[in-house]
Structure formats: C-alpha cells, structure tokens
Number of protein chains: 2
Amino acid sequence: MQLPSFFTEFQQATDTELRRLVPDSGDPVQRSMAYTVLAPAKRVRPVLTLLCAQLCGGTIARGLPAAATVELIHASSLILDDLPSMDDAALRRGRATNHKVCGEAIAILAAFALLNLSFGTIAKAYDPDLAARLTALLSGAVGTDGLIGGQAADLLATDQVIGFEMLERIHRGKTGALFVAAAASGALTAGAPPDSVASLTAYAKNLGLAFQIIDDLLDVEGNPAETGKDVKEDVRKTTFVSFSGVDGARQLARELCDTADRALQPFGRRADRLRELSVFVARRSL
Amino acid sequence: MQLPSFFTEFQQATDTELRRLVPDSGDPVQRSMAYTVLAPAKRVRPVLTLLCAQLCGGTIARGLPAAATVELIHASSLILDDLPSMDDAALRRGRATNHKVCGEAIAILAAFALLNLSFGTIAKAYDPDLAARLTALLSGAVGTDGLIGGQAADLLATDQVIGFEMLERIHRGKTGALFVAAAASGALTAGAPPDSVASLTAYAKNLGLAFQIIDDLLDVEGNPAETGKDVKEDVRKTTFVSFSGVDGARQLARELCDTADRALQPFGRRADRLRELSVFVARRSL
C-alpha cells in the first residue's frame, strides 16, 4: 500500500538522525551497530513518536532525538532476539542477521552499545527535567516489566503450550511496551498534559499488539522477499495465528486498531494522522 | 590482608543498596541479575565512589545510588565477558558463571537488564541536573570509547601479537573507564568543583590500570580458591604479565599506584582513605 507522505517524511528525518548518532566508522562495534540500525526499515516506532509530538503541539526537531532513541532500542532488541541462544535467526530485514555478519560477540556488544547510546542521547539532547522523565520512561519500557520481560517469557514459552493471557503478556512486553514508550516520549517532548499522554498510551498499547498480530500473520502468509524474514521460523512458538487461526487473528488485529482509534477521540480530527497509522498497521503487507 | 574498617562498612552499605535494587524474586531474569550482583565481591568500584563522595564533602546516603549503579554496570560487564562467545569462562567469583547456571539467553537478558536498571536508578535517585550529568558520564564510560570498546579490542586481540600501547588501550577501556566513572560520579554527587573531579579522575585512571595488572598477576600466581576464577584462563591473550614478566608487572602496578597517589596531593591528608585504597589494590591477593 501507498504510504502517506508524512510517513515517508518522518522516516527520512529519522534515518538522518540515526546516521548522525551511529556513524558507520571503521570501529567493529560501531559498524555492527550501523549494520542493524541503518538497514532499510519501516520506522513505525519513531514515526509514532513524531506524530504524537506533533499532535501535542511540539516540533519534529524537538521530537527527533526521542524518536531516534526509540529506534536504537528497537534495533538493539532485534540483534538480541536473533542470537543463536534466542531465536537463532538467519535473516532479518531481508539481510543476514547481525551475528551472522559481525560474529556473535560483536553483535552482543553492539546491542549493548545501542541501549547505552539511547540513554546517552536522551541526556545530551534534552533539558535535565525532560531527560530524567524520558530516561525513567524508557528504562521502564526496556526492563523486566517490558521488552526484556517479554523476551524472557517468550523464550520460556518456546515448545510450551501457553494460554491466550500469556501470549498477550509476552507481546505486551516484547512489542507493546516500546510502542507505548514511543508515543509517550513524543508527547512528553511536546510538554503534553498527563491526560493527553494517557490517551496516547492507550492508543499505542493497542496499536502495538495489533502490529504484532499482523507480524504473526505475515510470518505464516508472507514470502521472505516481502517480509525480509524466513517464513515460519516461529513454528516452535504459539502465535496469535496458531492460537486463533488466520481469520481470527486478522479480526483481532482489526478490533485492536479500532480500540486504539477510540482512545484518540479527545483529540478530534487533529489525530487523523494517527488514524492513518492504524490503517497502515492493520493493512500492511510489509 | 586486613581491610580498613571504612572499606567493610562501605561494602555493606553497597550490598544493602544492591539487594534493594535487585531483589531475588521468582522472575528468571531478576534471579539471574541477582545471581551475579549479589555474589560476594570486593565492591572496589562502589567503595571508590563513596570515598570520593565523602572526600568532596558529600554523604554516604547521597553517594550510594551512584555507587550501586557502578556495581550494576560492572556486574553486567562480567556476565557478558564470561559468555561462550566471549571468554567462555566457567568460574567467576568462586561460583559457576551466570550463563552456566541460568542459561545463555537469560544471562544475556540479565546483563542487558542490569545496564538498563543502572540508568533507571540514576534517573530516580537524583535531581534532574545531577541525573543528566551522571547519565552522560556513565554512558560515556560504557560505550565504544569505554567498557564496550575495551572488550571489543580485547576480543579482536585474542590469539594476536599486540604491543604495550594496545594492551594499555584495552584495559583503560575494560577497567579504567569504569574506575574513572566510579570516582567522578561520587565527586559529582557531592557537588565537587571541576578541579576536584579532574584530580580524582587522574587518581582513578591509574588505580584502575594497577588493579587490572594485579588481576593479571593473580591469574598466573593465584589459586582458584582465592581468586574465584580458573587459573590461566587468559592464556590465549597477551596480559601485562606475559608482556613484562611477573616482576615487571608488579613494578608497573606499584608505579601506577604511586602516580595515582600523586594526583591526590591537592586534598592533603583528607585523601588518606584513598591512599589506603591504593595500598589495598597494590597488595591484594584476593
């Protein structure tokens, strides 16, 4: 599907900021960081950050370091997810995974360095008050109640029979937590009031889960040329598709996008771009 | 050798703070974090933080979150160093290494979570101005110019012939950077002026390198019951001992401790506890 023009504009702004933050220098760890961060990608999370910043009256320039930081954290988590001891994946974003190209040790250090750079970037880019709030927000999203907790639960669930509640818990951690942090950090860079942050948090929480369900559908239905991943590499895991079937999963994703959109009501028409984003997430084939 | 009483007092304060920050809960990642963080250890870095805080007129209570944070980062780096793809070590601090007990995937997530918790702890414990300064300081110490850069250089040097300059660069990254951050963060929590921070940075830089050289000596001369590590597991690497011999390395460590002590001159007798710390580092057999 055709991307809205704001989407490509925000993608490009993010890419420029990421190239500044992670120069592809001769250093092996920097090169490994750049390999994953600068690979062509949708940039859904940073686009979400920038949309929320804009909706709350902020500028793109001010939202950009937070947007890029969210993508640094995402890239870091992708490198970890693909490691031999985790999902042992060979293909990501249409290319060999980081550890296949850079070696496992350097890949782990690069993932580590990306998380570290995230916090360093926030501390440098923002005034201390905002930096402290963003640091607490991002640290919470990454920690054992967020990304890391979700990834651990996912690992422990491999080859296990799990219920829908656990499946949802895994993906609220693995995907939802960073979507929420992306939206809330954008709002915070614009100085948004707490009720706006809360509405955007509710939106992002549901959008993130819908995004994950579509990911599961693409793993089953997509072809590697489009998804950039091996088909069905998640076959040892319970997914939303294995749980609810293709039609059920598709229905669930639509419902979550509707729930996400309802959280935007307080913003009226001003949130139309976020509604376009949910349409993109619900319909994407890439 | 007998530890000075301030040393054991500061160790205990650090241990208490670490138990608060990393409760050994039922969660597998938390348990893995606690396994390494709460293992009996010297706590040299947090003791250094607290001594610098005290020397600059600060309180232990105010220095403690920074001290514990430095130890969280240190523990995180130990888990990584021991991984199969890095040093592939079986023994650490007298016990099986983290990945041997918790599995490689959970160990990597725990290392990640510890770094993440470090920044979260700083953001919560301090006023925004100090938190932003400490975050920038710690992020610099961990990054590709610090811990991570040193570890990468160390990996690339394995089985290679390297010169003294490269050996020093590796350990200024792997050990020196966090010693410097430990000292400077303690000084910053006390609101120390820039010249005091600079003096303590010079002290810590040399002390850290001396500490590493003694570590190399213990790997050759120590027995596992005392060092808690396998003897000579670093045999594939150039060390200060393989480079300068036992006597040469011992001499170099003494000189570095003397250089460290000279940086304390501006503080006069008030810095005597830091001088005791260098004596401990130079003479330690544990």
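How many of the 11 residues of helix α8 (residues 147-157) of chain A are buried? Keep that one in mind as you click through this predicted model; we'll get to α8(A) after a look at how the chains sit together.

**Stop 1: the axis.** Show both chains as ribbons. A turn of 180 degrees, with a shift of 0.0 Å along the axis, lays chain A on chain B with an RMSD of 0.0 Å. That's the relation of a two-fold axis. To find the axis from chain A, pick Pro128(A): its C-alpha is the one in that chain nearest the axis, at 2.5 Å.

**Stop 2: the interface.** Now select the residues where the chains touch. You should get 39 residues of chain A in contact with 39 of chain B. On the chain A side, the elements giving two or more residues are α2 (28-37), α6, α7 and α8. The largest share, 14 residues, comes from α6(A). Colour that side by class and you'll see 24 nonpolar, 11 polar and four charged residues. The copies meet through the same surface, because 100% of the interface residues of chain A are also interface residues in chain B.

**Stop 3: one helix pair across the interface.** Select residues 104-125 of chain A, which is α6, and residues 128-142 of chain B, which is α7. Their axes are 9 Å apart and the helices pack at an angle of about 145 degrees, in a left-handed crossing. Turn on side chains: from α6(A) you have Asn116(A), Phe119(A), Gly120(A), Ala123(A) and Lys124(A), and opposite them in α7(B) are residues including Ala132(B), Thr135(B), Ser139(B) and Val142(B). By class, this contact has five nonpolar, five polar and one charged residues.

**Stop 4: back to α8(A).** Select 147-157 in chain A. Nine of the 11 residues are buried, so the helix is largely enclosed by the rest of the structure. The buried ones include Leu147(A), Ile148(A), Gln151(A) and Asp154(A). What covers them? Try α4 (60-82), α7 and α9 (164-189) of chain A, plus α2 and α6 of chain B, which are among the elements doing so. Then step just past the helix to Asp159(A), which takes a positive phi of about 65 degrees.

**Stop 5: the nonpolar core.** Finish with the largest nonpolar core, which has 198 residues. Among those with the most contacts inside it are Ala110(A), Ala183(A) and Ala210(A). Centre on Ala210(A) and, leaving aside neighbours within four places in sequence, look for its contacts: Ala253(A), Leu256(A), Cys257(A), Ala260(A), Val281(A) and Ala282(A).

Technical notes:
Residues numbered from 1 in each chain as written. Chains lettered and ligands numbered in written order. Predicted model: local features only at pLDDT ≥ 70, side-chain atom pairs only at ≥ 80, totals over all residues. Least-squares fit on C-alpha atoms with pLDDT ≥ 70 in both. Contact = placed C-beta atoms within 7 Å. Axes fitted to C-alpha atoms, helices over the stretch in contact; angles between N-to-C directions. Helix = DSSP H or I, 4+ residues; strand = E, 2+ residues; numbered from the N terminus. Left-handed = near helix turned anticlockwise from the far one by under 90°. Nonpolar A, V, L, I, M, F, W, Y, C, P; charged D, E, K, R; others polar. Core = buried A, V, L, I, M, F, W, Y, C linked by C-beta atoms within 7 Å. Buried ≥ 20, exposed ≤ 12 C-beta atoms within 10 Å, placed from the backbone.
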